[in-house]
Amino acid sequence: MKKKAITGCCILLVLIILGGFLYVGIGRNTLENKMWHYLEQENYSETDIQSLEVKHSFMNILLSYNEWTIEVVYEDEPTSVYKYTLRDGSIVESGVSGTTDKEDLKH
């Protein structure tokens, strides 16, 4: 009886972990596509973007922060990282970090 309970707990734990990986993987892919669409609407092309990285944090959910963050580095401003997030189903700007002076930011 005890062995069945341990086996059941292990199976449940594995399913939870796999579910988390699926959730983040599918969400990351969906949000990356949504971000490219957002950038196209803002008249940017793939050649204007040096990098685009989507990040997820379960800890942010617990701390009431945004679950997803998107970091974009533009080709003409490689020392600045523009941060976006998903809020109420829409992508919104959330800040900039890097070495570019605030007055010189282009995007």
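Which residue in E2 stands opposite Ser51? That would be Val73, and the views below start from this pairing in what is a predicted model.

**View 1. Ser51 and Val73 sit on the E1–E2 side of the sheet.** Ser51 has Val73 of E2 standing across from it. E1 and E2 run antiparallel and are held together by 7 bridges. Zoom out a little and you have an open sheet of 4 strands, in the order E1-E2-E3-E4, with antiparallel pairing. E1 and E4 are the edge strands, each pairing on one side only. On average, neighbouring strands in this sheet are turned by 25° against each other, if you ignore direction.

**View 2. Lys83 of E3 has partners in E2 and in E4.** In one direction, Glu71 stands opposite Lys83. In the other, Lys83 has Gly95 of E4 as its bridge partner. Strand E3 covers residues 77-87 and runs antiparallel to E2, with 5 bridges between them. Strand E4 takes in residues 90-98, and its pairing with E3 is also antiparallel, this time over 8 bridges.

**View 3. Two hairpins connect E2, E3 and E4.** To get from E2 to E3, the chain goes through a hairpin with 2 residues. The hairpin of E3 and E4 has 2 residues between the strands as well. Look there for Asp88, which takes a positive phi near 55°.

**View 4. His56 is tucked in at E1 and meets Glu67.** His56 belongs to strand E1, which spans residues 49-56. Is His56 buried or exposed? Its relative accessibility is 17%, so with the cut-off for buried at under 20%, His56 counts as buried. Its side chain makes a polar contact with the side chain of Glu67, at 2.9 Å. Leaving out neighbours within four places in sequence, His56 also touches Tyr23, Val24, Arg28, Ile61 and Trp68.

**View 5. Tyr23 and Trp68 make a tilted ring pair.** The whole structure has 5 aromatic pairs. In the one shown here, the ring centres of Tyr23 and Trp68 are 6.3 Å apart and the planes meet at 45°, so the pair counts as tilted. This pair links distant parts of the chain: Tyr23 comes from helix H1 (residues 2-41) and Trp68 from strand E2 (residues 68-74), 45 residues apart. Tyr23 is partly exposed, at 40% relative accessible area, whereas Trp68 is buried at 6%. Phe58 joins in too, as ring pairs link Tyr23, Phe58 and Trp68 into a cluster.

**View 6. Tyr74 and Tyr82 meet edge-to-face.** Their ring centres are 5.2 Å apart, with 80° between the planes. Why does this pair count as edge-to-face? Because the angle is over 60 degrees, the cut-off for that label. Tyr74 is buried, with a relative accessible area of 1%, and Tyr82 is buried too, at 2%.

**View 7. Helix H1 lies across the strands.** H1 passes across E1, E2, E3 and E4. Relative to E1, H1 runs at about 145°. Tyr23, the H1 member of the tilted pair from View 5, is also one of the residues in contact with His56.

Key:
Residues are numbered from 1 along each chain as its sequence is written. This is a predicted model: local features need pLDDT of at least 70, side-chain atom pairs count only at pLDDT 80 or more; totals for chains, interfaces and linings use all residues. Side-chain values use heavy atoms; hydrogens and water are left out. Buried means under 20% relative accessible area, exposed over 50%, partly exposed in between (1.4 Å probe, protein chains only). A polar contact is a pair of N or O atoms within 3.5 Å; within protein, one must be able to donate a hydrogen and the other to accept it, and residues adjacent in sequence count only if both atoms are side-chain atoms. Contact means heavy atoms within 4.5 Å. Rings of Phe, Tyr and Trp (its six-membered ring) pair if their centres lie within 6.5 Å; planes under 30 degrees apart count as stacked, over 60 as edge-to-face and the rest as tilted. Two strands pair if DSSP finds at least two bridges between them. Axes are lines fitted to C-alpha atoms, for helices over the stretch in contact, and angles run from 0 to 180 degrees between N-to-C directions.
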